[in-house]
Amino acid sequence: MSVPEFLLEVSIVVIAVVSLLTNSSVLLCFTQSAELRSHVPGLFILNLSFSNILLAIINMPATFLGVAKGEKPLGDWFCQAVSFAETFLTTNAMLSMAALSMDRWIAVVFPLSYSSKMRHRDAFLMVAYSWLHSLTFSLTQLLMDWGGYSPTYASCTVHLDAGGRSPLAAYATFTALFHLSSFALCLLVLCFAYLKVLRVARSHCKRIDVITVQTLLLLVDIHPSVKERCLAEQKKRRQRATKKICVFIGSFILCFSPYVITRLVELLPSVHIPRYLGIATKCLSYAKASSDPFVYCLLRQQYRKVLVSVISRLLRKDQYLLSAHSTSSTLDTTDDNCVARIT
């Protein structure tokens, strides 16, 4: 085994474990908090988390076997099922991110009418469209027999066999439409929604800054250090909004764009994608599943509170069981000493 293959295998295992733990933590938060379940965007987050968990259970182990064995992990039927799952789950996850961005746009740009514009019924319709959109491409891929083992990516994915009966032009058209309607469409929605959110956030910050500066000018006796601290807090507030938007859009581009570009470039007959490069882009797309819980959930105060409460309850339960066990052990020792004295 070469060093690059070993590093790629370790990366897949780490990404799969982190994805399972973090996305399961998100689901645990929803089961333990009625407040989170009552929020409309929670439906998009649940849809995203389920897709990421299934991706970590089905596709990542199959890719690990493909890298380790250097060939198709199992039979043809298994590979087609894994390829179907990858197309459906990846598209569904991307559309869930786009739905979350639209929810944030409506909440920030139209705060007074948010409850009427984004209801649970509307969220269910958006999730239903996401499933229908994903099933359309995954079923088309399955019916046209365009799913199989790709040596370039060492995984079961959208692939046209060299001896296949389908023409290359039809497969190329399908691949281009698939990535345009998933990656490109979601990227367009993310950029539109979050840039609108950033624009509104900056305008709010400017209003707050004006009020703060006017207040500081009226307070003549205030200490200069307090004024500097207030101005520094204004600057941090502006930077915080920009950083969040950069994380939302940047993580999407960084994780998915290398893989999408390689899939489109390999359609050219004269281009050959190196195997290690293809597997690396695949791992990078998998990494999005492990980063989504942090980007959208676990770094927020609501989720942190729920997780801390769950962990504290578990620790208290363990301490109670440990103390009960030690108490019973002490009683057993006392009984044995009493029996020894009697005998």
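Which helix does K288 lie in? Select K288 and you will find yourself in helix α9. Keep in mind as you look around that this is a predicted model.

**First stop: K288.** Is this residue buried or exposed? K288 has a relative accessibility of 1%, and buried means under 20%, so K288 counts as buried. Now show its surroundings: setting aside neighbours within four places in sequence, K288 is in contact with M97, S251, F252, C255, F256 and Y296.

**Second stop: F252.** Move on to F252, one of those contacts of K288. Leaving out residues up to four places away in sequence, F252 touches M94, M97, F183, C186, L187, L190, S257 and K288.

**Third stop: the largest nonpolar core.** Next, select M97, F252 and Y296 together; among the 47 residues of the largest nonpolar core, these three touch the most other members. Several helices each supply at least two residues of this core, including α1 (3-32), α7 (168-218), α8 (224-265) and α10 (301-342). Colour α4 too, as the largest share, 10 residues, comes from that helix. There is also a second, separate core of 22 residues, and you can pick out I12, L55, C79 and F88 among its members.

**Last stop: α3 and α4.** Show just these two helices. How do they run relative to each other? Their axes come within 9 Å and cross at roughly 155°. Angles over 145 degrees count as roughly antiparallel, so α3 and α4 are roughly antiparallel to each other. Their crossing is left-handed. Sorted by class, the contact of α3 with α4 has 16 nonpolar, 7 polar and 2 charged residues.

Technical notes:
Residues are numbered from 1 along each chain as its sequence is written. This is a predicted model: local features need pLDDT of at least 70, side-chain atom pairs count only at pLDDT 80 or more; totals for chains, interfaces and linings use all residues. Side-chain values use heavy atoms; hydrogens and water are left out. A nonpolar core is a set of buried Ala, Val, Leu, Ile, Met, Phe, Trp, Tyr and Cys residues joined through side-chain atoms within 4.5 Å. Buried means under 20% relative accessible area, exposed over 50%, partly exposed in between (1.4 Å probe, protein chains only). Helices (H or I, at least four residues) and strands (E, at least two) are DSSP runs, numbered from the N terminus. Contact means heavy atoms within 4.5 Å. Axes are lines fitted to C-alpha atoms, for helices over the stretch in contact, and angles run from 0 to 180 degrees between N-to-C directions. Angles under 35 degrees count as roughly parallel, over 145 as roughly antiparallel, 65 to 115 as roughly perpendicular and the rest as oblique. A crossing is left-handed if the near helix is turned anticlockwise from the far one by less than a right angle, and right-handed if clockwise. Ala, Val, Leu, Ile, Met, Phe, Trp, Tyr, Cys and Pro count as nonpolar, Asp, Glu, Lys and Arg as charged, and the others, Gly among them, as polar.
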